[in-house]
Amino acid sequence: MPAPIRTHDGSHTLLHPQLLEHYHSIHGAIAESMHVFIEYGVMEVSAIPIHILEIGMGTALNALLTRIEADKNCRQTYYTTLEPFPISNQTASTLNYASQLNVSHHDFMILHHSSWETMHTFSPFFHFIKIKSTIQQYNADSKFNLIYFDAFSPDKMPEMWTEDVFEKILQMLHPGGIMVTYCAKGSVRRLLMRVGFEVIKKPGPPGKREMTLAIKKNSN
Ligand SMILES: C[S@@+](CC[C@H](N)C(=O)[O-])C[C@H]1O[C@@H](n2cnc3c(N)ncnc32)[C@H](O)[C@@H]1O
């Protein structure tokens, strides 16, 4: 079982044993997720309800932060997350996100314990479904307002950062919808532009100069 590692803001992350890459920035796991996915994701989109797709559920930190945000703002949120290689419940139970965020351990663990391929309502505002699938195999039956692209890096997992995957993501978004990623690589931005996204640089989370927001133009 991979042991949790404390990042600079006190929140945990995990090291992927084969890729030797962390699930989050070591400069602060919660700080990074809040910045990239909540501040430049959820807060940039006005749709109510908001339909979010996460690519790579991992520790479920993004899911927990999104639920907290939904409950705080009484905003109806439908959250679909893909994860082909889930961490064990035992590993999840060692992570300190609930205490760091001042929510119950149950509200965090239920994201891991809940059954796959079933829509669960965990609060009056947060509806959650996790799907054991890769992005490459996933067939969405409806469109999303916001996509969290939280894959391991292009160096470690080049098969995630391809024209085919970005084309698929474009098709899964409503016009005006946003895909957000921590990655700021020029080659990734150029690929996103090539498939038809409008690409905007935003300031990065702690330890990183920039991140990327990709918008599906209304004409696409
Ligand atoms: C950087 S981690 C995600 C961190 C996560 N969002 C969190 O809040 O902890 C990348 C995740 O993508 C998953 N993954 C790997 N290959 C994938 C694929 N082809 N499609 C979707 N997810 C994949 C990994 O198993 C891993 O959990």
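A polar contact is a pair of N or O atoms within 3.5 Å of each other. Keep that cut-off in mind as we walk through this structure, which is a predicted model.

Let's begin with the ligand and the side chains that reach it. An oxygen atom of the ligand sits 2.5 Å from an N or O atom in the side chain of Glu-83. Because the cut-off is 3.5 Å, this pair counts as a polar contact. Glu-83 has company here. His-24 places a polar side-chain atom 2.9 Å from an oxygen atom of the ligand. Gln-136 meets a nitrogen atom instead: an N or O atom in the side chain of Gln-136 is 2.9 Å from a nitrogen atom of the ligand. How much of the ligand's accessible area does the protein cover? On its own, the ligand has 600 Å² of accessible area, and the protein covers 97% of that.

Now step back to the shell of residues around the ligand. There are 21 of them, and those that come nearest are Gly-56, Thr-59, Glu-83, Gln-136 and Asp-150. Notice that Glu-83 and Gln-136, which we have just met, are on this list. As for elements, β3 and α2 are the ones that give two or more residues to the shell. By type, the shell divides into 11 nonpolar, seven polar and three charged residues.

Where does the ligand sit? The space it takes is the largest pocket. This pocket has a volume of about 910 Å³. Its lining is made of 47 residues, and the closest to the pocket centre are His-22, Tyr-23, Asp-150, Ala-151 and Phe-152. The elements that give two or more residues to this lining are β3, which spans 50-55, and α2, which spans 61-73. Sorted by type, the lining holds 23 nonpolar, 17 polar and seven charged residues.

There is a second pocket to look for. The second largest pocket has a volume of about 170 Å³, and 14 residues line it. Closest to its centre you will find Thr-80, Ile-129, Tyr-138, Asp-141 and Ser-142. Two or more lining residues come from each of β3, β4 (77-82) and β6 (126-131). Which element gives the most to this lining? That is β4, with three residues. The residues here divide into nine nonpolar, four polar and one charged.

Finally, follow the backbone to two details in the loops. Ile-48 and Pro-49 are joined by a cis peptide bond, with omega at about -5°. Pro-49 belongs to the loop between α1 (29-39) and β3, and β3 is also an element that contributes to the lining of the largest pocket. The other detail is at Leu-20, in the loop between β2 (12-13) and α1. What is the phi of Leu-20? It is near 55°, a positive value in a residue other than glycine.

Definitions and conventions:
Residues numbered from 1 in each chain as written. Predicted model: local features only at pLDDT ≥ 70, side-chain atom pairs only at ≥ 80, totals over all residues. Heavy atoms only, no water. 1 Å grid on protein atoms, 1.4 Å probe; cavity = no way out; pocket = protein on both sides within 12 Å on 5 of 7 lines; lining within 4 Å. Points joined across faces, edges and corners; volume = space filled by probe spheres on them. Helix = DSSP H or I, 4+ residues; strand = E, 2+ residues; numbered from the N terminus. Nonpolar A, V, L, I, M, F, W, Y, C, P; charged D, E, K, R; others polar. Near = heavy atom within 4 Å. Polar contact = N/O pair within 3.5 Å; in protein donor to acceptor, adjacent residues only side chain to side chain. Areas by Shrake-Rupley, 256 points an atom, 1.4 Å probe, with all protein chains shown as cover. Sits in = over half its atoms within 2 Å of the grid points.
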